[in-house]
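Biologist: I've got a chain here and I'd like to talk through its side-chain contacts. Can you put it up so we can both look?

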Amino acid sequence: MDQKQLAEIDGPRYITRRVTRSLTVLPAEQRQQSDPSTDSEPTRKPRIGQKRLHSESIAHNLYFLVVQAILWNQTHGKQARPVFLALIERYPDPKSLSKASLEELTELLRPLGLHNIRASRCIALGICWDKDPPTPGRQHRRKGYPRTSLAASADDAYEIGHLPGVGPYALDSFRIFHRDEMRGLAKDWLGTGATDEDFEPEWKRVIPLDKELRAYLKWRWLKEGFIWNEENGNLTAADEELLAVAARPSDER
């Protein structure tokens with residue numbers, strides 16, 4: 001992998017600029033889509049700002065996306081990014097990762113902490129992926145996902161659910177940024193190229209725990225005209241003032 005490719009993957013260092021809005025009670029007609037039990041309570045407007053994630057720059061490469069999730073878990077992205085770039089340069093695909101030296105990989109991951117565990121998981125990931133790669137149409141349930149506070153269904157099985165090291169953060173990232181592309185439903189996570197008129201992007205059905213993914217989905221839903229409840233996924237129509245703030249260029253906020 002050459003330096004140009006690495007630069008494209010690393011991408012710019014996006015800065016989130018947010019505006020905290022005051023406590024506001026929305027008109028009743030705008031609260032019809034919110035949780036009825038909270039309709040009588042004031043609705044606090046969320047922080048607003050264009051939220052860009054590193055995952056967007058690697059969304060078309062599922063291997064990169066899953067490895068990133070393993071490294072980002074319990075680690076700040078700024079700390080993990082250079083280690084991630086070094087790892088994918090040395091091990092650019094699952095087969096090369098499956099043959100990695102445990103000692104060398106452990107040393108590479110040392111700056112992140114939990115390096116012994118992460119190294120073992122990465123190698124196990126490469127071995128499993130090489131033997132049984134994620135395939136459209138073959139789905140696997142993952143114990144504890146989605147979390148027990150959300151209603152589970154028979155559809156809660158996913159193409160990467162069998163891979164070692166894949167937890168809720170990796171599954172959420174996969175569903176938000178790659179699953180629609182893998183299944184051939186669209187060209188990207190935003191629904192580009194979708195031909196089904198009833199198509200709904202997978203990201204709209206994800207309720208993550210990770211604060212960065214939550215911030216991203218809040219911004220993404222606001223672009224759709226809604227305030228999104230990060231705990232249960234309920235939607236409330238955003239007022240014109242809030243939408244106007246969200247629509248401004250980031251340097252004007």
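Biologist: Let's start with Arg179 and Glu202: buried or exposed?
Modeller: Keep in mind that this is a predicted model. Residues under 20% relative accessible area go in the buried class. Arg179 falls there, and Glu202 does too, so for both the word is buried.

Biologist: How far apart in sequence are the parts that Arg179 and Glu202 tie together?
Modeller: Their side chains meet in a salt bridge, at 3.3 Å from N to O. Arg179 sits in helix α9 while Glu202 is in the loop between α9 and α10, so the pair ties together parts separated in sequence by 23 residues.

Biologist: Which residue does Glu159 meet in a salt bridge?
Modeller: Glu159 belongs to the loop between α7 (115-131) and α8, and its partner belongs to helix α9, 20 residues apart. Glu159 and the partner are both buried. The N to O distance is 2.9 Å, and the partner is Arg179.

Biologist: Okay, on to Arg205 and Glu200. What class of exposure do they get?
Modeller: Those two form a salt bridge, with the closest N and O atoms 2.8 Å apart. Buried stops under 20% and exposed needs over 50%. Arg205 comes in at 38% relative accessibility and Glu200 at 37%, so Arg205 counts as partly exposed, and Glu200 is likewise partly exposed.

Biologist: Which residues do the shared salt-bridge partners join into one network?
Modeller: Searching the whole structure turns up 12 salt bridges. Some of them share partners: Arg179, for one, meets Glu159 and also Glu202. Following shared partners gives one network of Glu159, Arg175, Arg179, Glu200, Glu202 and Arg205.

Biologist: Now the rings. Why is the pair Phe177 and Trp189 put in its class, and what is that class?
Modeller: It's among the 10 aromatic pairs found in the whole structure. The ring centres lie 5.6 Å apart and the planes stand at 70 degrees, and planes over 60 degrees apart get one particular label, so the pair is edge-to-face.

Biologist: How many residues apart are Phe177 and Trp189?
Modeller: Phe177 is buried, as is Trp189. Phe177 is part of helix α8 (residues 168-177), and Trp189 is in the loop between α9 (179-182) and α10 (211-223). The pair links distant parts of the chain, and the separation is 12 residues.

Biologist: Trp203 and Trp221 make a ring pair as well. How far apart in sequence are the parts they tie together?
Modeller: This pair is edge-to-face, 5.1 Å centre to centre with 65 degrees between the planes. Trp203 counts as buried at 2% relative accessibility, and Trp221 counts as buried at 6%. Trp203 comes from the loop between α9 and α10 and Trp221 from helix α10, so the parts tied together are apart in sequence by 18 residues.

Biologist: How many residues of helix α3 are buried?
Modeller: The buried residues of α3 include Tyr63, Phe64 and Trp72, and ring pairs link these three with Phe84 and Trp129 into a cluster. Helix α3 (residues 62-72) is largely enclosed by the rest of the structure, because its buried residues number 11 of the 11.

Biologist: Last one: at the start of α3, which residue's side-chain oxygen reaches the backbone nitrogen of Tyr63?
Modeller: Just after α3, Gln74 takes a positive phi of about 60 degrees, but that's at the other side of your question. At the start of α3, the side-chain oxygen comes to within 3.2 Å of the Tyr63 backbone nitrogen, and the residue is Asn61.

Definitions and conventions:
Residues are numbered from 1 along each chain as its sequence is written. This is a predicted model: local features need pLDDT of at least 70, side-chain atom pairs count only at pLDDT 80 or more; totals for chains, interfaces and linings use all residues. Side-chain values use heavy atoms; hydrogens and water are left out. Rings of Phe, Tyr and Trp (its six-membered ring) pair if their centres lie within 6.5 Å; planes under 30 degrees apart count as stacked, over 60 as edge-to-face and the rest as tilted. Helices (H or I, at least four residues) and strands (E, at least two) are DSSP runs, numbered from the N terminus. Buried means under 20% relative accessible area, exposed over 50%, partly exposed in between (1.4 Å probe, protein chains only). A salt bridge is a side-chain nitrogen of Lys or Arg within 4 Å of a carboxyl oxygen of Asp or Glu. A polar contact is a pair of N or O atoms within 3.5 Å; within protein, one must be able to donate a hydrogen and the other to accept it, and residues adjacent in sequence count only if both atoms are side-chain atoms.
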